[in-house]
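The exercises below ask you to read a protein model residue by residue, and each is followed by a worked solution. Please attempt every task before reading on.

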Amino acid sequence: MGRGRGKGEGGEKETDPAIPKPAPKGDQVTNVIGEVGRWQLEKILIVFIAAAPGLAHIFHAGFITPKQRFWCEQAMNAAGEDIPPPWTVEYPEKNKSYLVYPGNMTTDKKLMGHCIPECVDYGFDHSFWVSTMITEWDLVCEKSWLKTLAKLLLFTGFALGSFCSGLVSDKWGRKTAIWFSSVVMCIFGVITSFAPWYPLFVVTWWVTGTMAIACYTAAFVWTMEVAAGKWKIYLGMSMNYSWPICRLIIAGLAWGLRDWHWHLRAISALVAVGSVILYFLPES
């Protein structure tokens with residue numbers, strides 16, 4: 001019976017400590033496959049390419065309503081009769097008055113143009129901008145507040161998209177939320193570029209902006225969940241590089257195209273590419 005007393009049934013020695021050794025720290029799966037590797041980096045690159053271009057819609061708000069010089073082309077009275085030029089414009093606060101003709105541009109840097117109360121058609125300086133939201137619907141003088149309204153509603157969409165993106169991704173998955181918002185953003189971005197009426201433009205632009213921030217929010221969460229350890233911080237923060245990259249994208253589009261219709265179509269084309277490559281993205 002004296003034999004074998006040096007080892008227990010499990011092969012343990014009498015000299016081994018009674019308290020078992022602690023398990024390795026950290027997540028068990030992470031201890032086996034590592035915190036980050038080629039697989040994670042490839043998938044994060046996919047989600048970055050899919051989510052980043054949509055943010056260009058946010059910065060596009062500054063290029064779609066630029067300052068642009070204008071003048072009155074035609075003025076009519078309440079009876080529908082033409083009022084021939086020149087038209088008199090008075091500025092009591094400056095104690096000045098001007099005689100305005102069609103095509104006359106102001107030399108004042110702060111004054112983009114003279115507002116004629118009876119004006120029914122405006123002309124614009126196209127020396128740089130081919131087409132903007134302002135030239136599309138004559139959003140100057142008494143209609144200038146409509147461009148502010150459009151951007152205000154766009155930013156309400158950003159707030160709603162950030163909130164709803166979390167609810168959708170929690171219920172149906174991060175990948176589903178990213179893909180759905182990308183597809184909707186692409187479709188409505190194209191529709192917005194063809195919108196012939198201001199009310200339709202505002203609604204479709206609002207949907208586009210809502211999906212843009214929703215896509216980025218879900219992509220950011222996906223990145224945080226696929227990484228582990230210190231890489232969760234590094235890779236999560238790297239998603240913020242999409243903001244300056246999108247600034248460069250929209251600045252390049254504005255300089256090269258100078259037409260808000262093609263800005264939206266070009267951004268939508270980039271979003272469409274991201275929607276396709278999301279096929280290779282797994283769920284987090």
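A polar contact is a pair of N or O atoms within 3.5 Å; within protein, one of the two must be able to donate a hydrogen and the other to accept it, and residues adjacent in sequence count only if both atoms are side-chain atoms. The model is predicted, so local features need pLDDT of at least 70 and side-chain atom pairs count only at pLDDT 80 or more, whereas totals for chains, interfaces and linings use all residues. Residues are numbered from 1 along each chain as its sequence is written, and side-chain values use heavy atoms, with hydrogens and water left out.

**Exercise 1. Describe the overall build of the protein.**

Begin with the secondary structure, where helices (H or I, at least four residues) and strands (E, at least two) are DSSP runs numbered from the N terminus. The protein has ten helices and four strands, and along the sequence they follow the pattern α-α-α-β-β-β-β-α-α-α-α-α-α-α.

Next, consider burial, for which buried means under 20% relative accessible area, exposed over 50%, and partly exposed in between (1.4 Å probe, protein chains only). Of the 284 residues, 41% count as buried.

Then turn to the surface, with accessible areas taken from the Shrake-Rupley method with a 1.4 Å probe, where for residues only the protein chains shown count as cover. The accessible surface comes to about 16600 Å², and 64% of it belongs to carbon and sulfur atoms.

Finally, look at contacts, meaning heavy atoms within 4.5 Å. Among contacts between residues at least 6 apart in sequence, 72% join residues at least 24 apart.

**Exercise 2. Work out the surroundings of Arg 265.**

First place the residue: Arg 265 is found in helix α10, which covers residues 260–277.

Second, look for a charged partner, taking a salt bridge as a side-chain nitrogen of Lys or Arg within 4 Å of a carboxyl oxygen of Asp or Glu, and counting Lys and Arg as positive and Asp and Glu as negative, with His and the chain ends not counted. Arg 265 is buried yet has no salt bridge, and the nearest side chain of opposite charge, that of Asp 259, is 6.5 Å away.

Third, look for polar partners: the side chains of Arg 265 and Ser 193 are joined by a polar contact of 3.2 Å. Leaving aside residues up to four places away in sequence, Arg 265 touches Ser 193 and Phe 194.

**Exercise 3. Which residues are linked with Arg 174 in a network of salt bridges?**

Start with the first pair, in which Arg 174 forms a salt bridge with Asp 170, the closest N and O atoms being 2.6 Å apart. Then take the second pair, in which the side chains of Arg 174 and Glu 225 meet at 2.8 Å, N to O. Because Arg 174 lies in helix α6 (residues 174–193) and Glu 225 in helix α7 (residues 198–226), this pair ties together parts that are 51 residues apart in sequence.

Now compare exposure within the group: Arg 174 counts as buried at 13% relative accessibility, Asp 170 is exposed at 58%, and Glu 225 is partly exposed at 38%. The network therefore consists of linked salt bridges among Asp 170, Arg 174 and Glu 225.

**Exercise 4. How many salt bridges does a search of the whole structure find, and what joins Arg 38 to Glu 42?**

The search finds three salt bridges. Arg 38 and Glu 42 form a salt bridge, with their closest N and O atoms 2.8 Å apart. Both residues lie in helix α2 (residues 38–51), four residues apart, or about one turn of the helix. At 67% relative accessibility Arg 38 counts as exposed, while Glu 42, at 35%, counts as partly exposed.

**Exercise 5. Is Ser 131 buried or exposed, and what does it touch?**

Locate the residue in the loop between β4 (119–124) and α4 (133–137). Its relative accessible area is 10%, so Ser 131 is buried. Not counting residues up to four places away in sequence, Ser 131 touches Glu 136, Arg 258, Asp 259, Trp 260 and His 261.

**Exercise 6. Trace the spatial neighbours of Trp 179.**

Trp 179 lies in helix α6 and is partly exposed, with a relative accessible area of 44%. Trp 179 and Val 276 are 97 residues apart in sequence and 8.8 Å apart in space, C-alpha to C-alpha. Residues up to four places away in sequence being excluded, Trp 179 touches Ser 275 and Leu 278.
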